[in-house]
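Student: I should like to learn how to read helix packing and residue exposure from a model. Could we work through the case shown here?

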Amino acid sequence: MAAKKATGIVGLAVVPNAREALISIYQRTLQALSTVPKESAYRKNAEQITNERLEIAEKESNVEVIESKIGAGQVEELLQQAEGELNLVSKMKEWKAWEPLVSEAPPSQWTWP
């Protein structure tokens, strides 16, 4: 298969070693998530998605197959998503999003007109 020359998305360059980069960032994300409390809904969901995607990236050597099986865009877009998730892990730890609210939410907090 010929090397991809362009993503077709303005401002998004082709990543020559995209599969390896994707595997690496998924592994780093899982490592970062391991420091979030196990009972956290965020950790459970982020780990599930990351593990599923990592398994696909490790099993498949063809980038087009990885893109198809994950179904969330081109591998370069998957890399952007993975980088965003890795950055979010540190923010979630900073915010301690799993802790109870400081004060009770107003009764109408979750109702829509």
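Student: Is Lys5 buried or exposed?

Tutor: The model is predicted, and the reading rests on relative accessibility, for which exposed means over 50%. Lys5 has 82% relative accessibility and therefore counts as exposed. Lys5 lies in the segment before α1. Its C-alpha is 9.5 Å from that of Pro16, a residue 11 places away in sequence.

Student: How does one describe two packed helices, and what are the values for α1 and α4?

Tutor: Two packed helices are described by the angle between their axes and the distance between the axes. For helix α1 (residues 18-33) and helix α4 (residues 75-95), the angle is about 15 degrees and the axes are 10 Å apart. Angles under 35 degrees count as roughly parallel, and α1 and α4 are therefore roughly parallel to each other. Their crossing is left-handed.

Student: Which residues make this contact of α1 and α4?

Tutor: On the α1 side they are Ala18, Ala21, Leu22, Ile25, Tyr26, Arg28, Thr29, Ala32 and Leu33. On the α4 side they are Val75, Leu78, Leu79, Ala82, Glu83, Glu85, Leu86, Val89 and Lys93. By class, the contact of α1 with α4 comprises 13 nonpolar, one polar and four charged residues.

Student: Which residues does Ile25 touch, leaving out those up to four places away in sequence?

Tutor: With those left out, Ile25 touches Leu79, Ala82, Glu83 and Leu86.

Student: Which residues touch the most other members of the largest nonpolar core?

Tutor: They are Leu22, Ile25 and Tyr26, in a core of 22 residues. The elements giving two or more residues to this core are α1, α2, α3 (63-70) and α4. The greatest contribution to this core comes from α1, with eight residues.

Student: At what angle do α1 and α2 pack?

Tutor: Helix α1 packs with helix α2 (residues 41-59) at about 155 degrees, the axes being 9 Å apart. Angles over 145 degrees count as roughly antiparallel, so α1 is roughly antiparallel to α2. The crossing of α1 past α2 is left-handed.

Student: Which residues form the contact of α1 and α2?

Tutor: From α1 come Arg19, Leu22, Ile23, Tyr26, Gln27, Thr29, Leu30 and Leu33. From α2 come Tyr42, Arg43, Ala46, Glu47, Thr50, Asn51, Arg53, Leu54, Ala57 and Glu58. The contact of α1 with α2 has nine nonpolar, four polar and five charged residues.

Student: What is the relative accessibility of Glu58, and how is that value read?

Tutor: Glu58, found in helix α2, has 42% relative accessibility and therefore counts as partly exposed. Apart from neighbours within four places in sequence, Glu58 is in contact with Arg19, Ile23 and Gln27. Glu58 and Ile23 are 35 residues apart in sequence, while their C-alpha atoms are 6.9 Å apart in space.

Student: How are α3 and α4 set against each other?

Tutor: Helices α3 and α4 pack at an angle of about 60 degrees, with axes 9 Å apart. The two helices α3 and α4 are therefore oblique to each other. Val63, Ile66, Glu67 and Ile70 of α3 make the contact with Val75, Glu76 and Leu78 of α4. By class, the contact of α3 with α4 has five nonpolar, no polar and two charged residues.

Conventions
Residues are numbered from 1 along each chain as its sequence is written. This is a predicted model: local features need pLDDT of at least 70, side-chain atom pairs count only at pLDDT 80 or more; totals for chains, interfaces and linings use all residues. Side-chain values use heavy atoms; hydrogens and water are left out. Axes are lines fitted to C-alpha atoms, for helices over the stretch in contact, and angles run from 0 to 180 degrees between N-to-C directions. Helices (H or I, at least four residues) and strands (E, at least two) are DSSP runs, numbered from the N terminus. Angles under 35 degrees count as roughly parallel, over 145 as roughly antiparallel, 65 to 115 as roughly perpendicular and the rest as oblique. A crossing is left-handed if the near helix is turned anticlockwise from the far one by less than a right angle, and right-handed if clockwise. Contact means heavy atoms within 4.5 Å. Ala, Val, Leu, Ile, Met, Phe, Trp, Tyr, Cys and Pro count as nonpolar, Asp, Glu, Lys and Arg as charged, and the others, Gly among them, as polar. A nonpolar core is a set of buried Ala, Val, Leu, Ile, Met, Phe, Trp, Tyr and Cys residues joined through side-chain atoms within 4.5 Å. Buried means under 20% relative accessible area, exposed over 50%, partly exposed in between (1.4 Å probe, protein chains only).
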